[in-house]
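Dear colleague,

I am handing over the structure below, and after it you will find notes on what turned up when I went through it. Please read them with the structure open beside you.

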Amino acid sequence: MESCNVELIFDHVGHFGKFQIILYMICAYQNISCGMHYLASVFMSSIPEHACRPPGKIQRAVFHNLSAWSLEDVLALRSPDQKDHITVELQDGQIWELTRCSRTRRENKSHLNHESSGYGLDSPCSDGYVYDQSKWRNSVVETLNLVCERKWYAYMIQPLFIFGMLLGSIIFGYLSDRFGRRTVLWCTSMAVFFFGTASIFILDYFSFMAVRFLLTMAFSGYFGVAFVYVMEFVGKKSRTWASMHLNTFFAIGVMLVALVSSLVNAWWLYQIILCTVTAPFILCCWMLPETPLWLISEGRYKEAQGVINAMAVWNKSRPCDLAELLSLDMSSSCDESCPAFRKLSLADLFHDWDVAKRTLVVWLVWFTANFGYYIFFTEAVWKKEDQHLYLSVVGALEIPIYFFICISLDRVGRRYTAVSCLLLASFISVAYLATPPVSHSSHKTLKTTAVLAVKTATGSALSFLFIYTAELYPTIVRCLAVGSSSMVSRMASFIVPFTNQVWIVLPQVSFGILAILSGLLSLNLPETLNKPLASTWEKTEQKAPENKDSSDEALPTAKNIEMENTEV
């Protein structure tokens with residue numbers, strides 16, 4: 001294994017030159033597609049207002065003091081909290097009382113009003129349902145009639161979506177460390193385009209769910225590997241800003257999907273637009289080379305030298321000889337029998353006690369951040385009158401936050417930024433619980449402000465945890481560490497709904513406790529600011545003393561002298 005720092009490569013060929021900028025923009029563009037697919041399931045699984053279809057053509061519909069000529073017009077004005085029936089008069093004179101899942105024929109035909117007659121027998125919706133089409137036309141729920149006794153099918157869309165993200169993170173993280181970052185980026189991008197296109201033509205529920213599940217796995221795997229891919233091509237001088245602003249493109253995708261969903265009512269046309277966004281990346285992904293850091297860690301020195309030479313030409317910098325710079329034997333190679341290059345697994349994230357503690361703390365921080373983000377993001381967008389506009393504003397507000405996080409990461413460091421975000425979110429969560437129920441406009445404003453503040457703090461933590469985690473682990477398990485951490489964080493999305501059923505404020509209380517605990521435990525994590533990316537566990541362990549008391553470094557010990565002599 002190389003005895004020198006691979007970060008020296010970027011000192012020769014450039015930290016963020018033309019070569020890296022082109023690769024960065026290609027990967028960042030695909031992040032827009034990931035942001036769009038991430039939020040797409042929220043709109044696809046939403047159940048529109050509906051009512052049982054009467055057995056005939058409607059002449060007039062009445063709901064409370066509202067009267068309209070069509071049932072769709074009444075449904076557009078009815079809120080989900082209103083459970084009263086809708087009275088309709090058919091062209092043949094029959095009067096029916098319609099609810100969401102049943103209908104009753106009124107015996108008294110003398111006059112049409114909203115008051116229930118109290119007579120009549122409920123009958124099932126054998127003629128189907130009428131849906132509010134002011135927001136969506138021919139949605140998945142409407143096309144497959146996922147309402148009433150079949151509404152649990154609609155409720156399964158979002159959990160399966162989260163489960164696909166969970167599996168995609170860990171599976172493609174492992175495959176990326178085993179077969180390379182470029183291979184996984186190619187495969188996941190092709191899968192996003194293929195399964196996204198296939199979902200347009202599939203109208204069977206189980207086939208649709210299977211395709212959406214595979215699509216979710218693909219874009220989740222791409223998102224995590226893309227972070228590592230960019231980090232391994234960018235030098236440490238530009239790594240923080242370049243990696244963090246991959247989230248900016250993701251936020252742009254969230255804004256676009258909210259905008260498109262407000263303009264396009266047909267879900268199939270909406271899905272076509274999502275797939276069209278992915279198409280340009282498919283045409284450019286063949287240009288992506290493998291990262292030199294991964295090639296070096298695998299002992300493929302000649303291929304790494306070729307990538308470095310290409311970087312030097314594009315960046316118009318001086319060439320870099322890996323054999324001279326890193327003291328490598330370019331003629332040698334390493335196969336699977338070589339212990340230094342053996343294929344690692346998830347168990348290697350616990351290969352000794354120090355690494356095991358680090359992994360558990362990192363997993364807890366990821367879980368806590370996503371736990372809080374899921375709670376308060378749902379609280380922020382739930383039951384908003386104009387949900388599309390609100391999501392666009394929320395996505396737009398995240399972009400300037402990333403600039404402040406970058407400044408904090410470069411000035412304060414990764415560790416203290418993580419601690420600050422978690423503790424701040426915990427304190428605001430306590431203030432949210434202490435605020436009286438929404439009965440006054442000032443209380444409502446305070447609660448809304450607290451919700452957005454916690455969502456911003458936890459979202460900021462999630463945005464740079466990709467960077468921090470990747471810097472904490474060596475190249476040989478870097479994607480696996482990021483993928484497993486993302487997998488653990490997704491488990492929070494399954495737990496939140498169950499805690500909410502036990503006690504209405506249990507999610508917020510649990511998050512406040514977890515945020516304080518994980519924030520304090522994060523102080524034990526090493527600082528990675530301005531530290532080179534490690535290639536092996538040996539390199540990672542050599543970096544650990546740098547994060548302890550600096551006075552220890554000034555005292556030459558026998559062990560340090562022996563290590564220096566060995567290195568010479």
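Strands β4 and β5 form a hairpin with four residues between them, and in the turn Gly93 has a positive phi of about 95 degrees. Please keep in mind here and throughout that this is a predicted model. The two strands of the hairpin, β4 (residues 86–90) and β5 (residues 95–98), pair in the antiparallel sense over four bridges, and one of the contacts to look for is that of Val88 with its bridge partner in β5, Trp96. On another side of the pairing, strand β2 (residues 58–63) is joined to β4 by four bridges, and these strands also run antiparallel; here Val88 in β4 is the bridge partner of Ala61. Strand β4, which therefore pairs with both β2 and β5, is mostly covered, with four of its five residues buried.

Turning to the helices, α10 (residues 246–263) has 18 residues and reaches 26 Å from its first C-alpha to its last, which is close to the 26 Å expected at 1.5 Å a residue. Its buried residues include Phe249, Phe250, Val254, Val257 and Val260.

The aromatic side chains deserve a careful look, as the structure holds 26 aromatic pairs. One of them is formed by Phe227 and Phe466, which are stacked, at 4.6 Å centre to centre and with 10 degrees between the planes. This pair links distant parts of the chain, since Phe227 lies in helix α8 (residues 205–231) and Phe466 in helix α18 (residues 441–472), 239 residues apart. Both Phe227 and Phe466 are buried. Another pair, Phe376 and Phe511, is edge-to-face, because the ring centres are 6.1 Å apart and the planes stand at 65 degrees. This pair, too, links distant parts of the chain, with Phe376 in helix α15 (residues 353–381) and Phe511 in helix α20, 135 residues apart. Phe376 is buried, with a relative accessible area of 0%, and Phe511 is likewise buried at 0%. Ring pairs also link Tyr38, Phe161, Phe219, Phe223, Phe227, Phe250, Trp366 and Phe466 into a cluster, so that Phe250 of α10, listed above among the buried residues of that helix, appears again here.

On the surface, Val412, Tyr416, Phe427, Ile516, Leu520 and Leu523 form a nonpolar patch with about 560 Å² of accessible area together. Helices α17 (414–434) and α20 each supply at least two residues of this patch. Leu520, one of its members, lies in helix α20 and counts as partly exposed because its relative accessible area is 49%, whereas Phe511, in the same helix α20, is buried.

Finally, there are two loop residues whose backbone you may wish to view. Most residues other than glycine have a negative phi. Lys316, however, has a positive phi of about 55 degrees although it is not a glycine; this residue is found in the loop between α13 (301–314) and α14 (322–325), and counts as exposed because its relative accessibility is 73%. Asn530 also has a positive phi, near 60 degrees, in a residue other than glycine. Asn530 sits in the loop between α20 (506–521) and α21 (537–543), and at 52% relative accessibility Asn530 counts as exposed.

With kind regards

Key: Residues are numbered from 1 along each chain as its sequence is written. This is a predicted model: local features need pLDDT of at least 70, side-chain atom pairs count only at pLDDT 80 or more; totals for chains, interfaces and linings use all residues. Side-chain values use heavy atoms; hydrogens and water are left out. Buried means under 20% relative accessible area, exposed over 50%, partly exposed in between (1.4 Å probe, protein chains only). Patches are made of residues with over 30% relative accessible area and no salt bridge: like charges are joined within 9 Å, nonpolar side chains (Val, Leu, Ile, Met, Phe, Trp, Tyr) within 5 Å. Accessible areas come from the Shrake-Rupley method with a 1.4 Å probe; for residues, only the protein chains shown count as cover. A salt bridge is a side-chain nitrogen of Lys or Arg within 4 Å of a carboxyl oxygen of Asp or Glu. Two strands pair if DSSP finds at least two bridges between them. The expected span of a helix is 1.5 Å times one less than its number of residues. Rings of Phe, Tyr and Trp (its six-membered ring) pair if their centres lie within 6.5 Å; planes under 30 degrees apart count as stacked, over 60 as edge-to-face and the rest as tilted.
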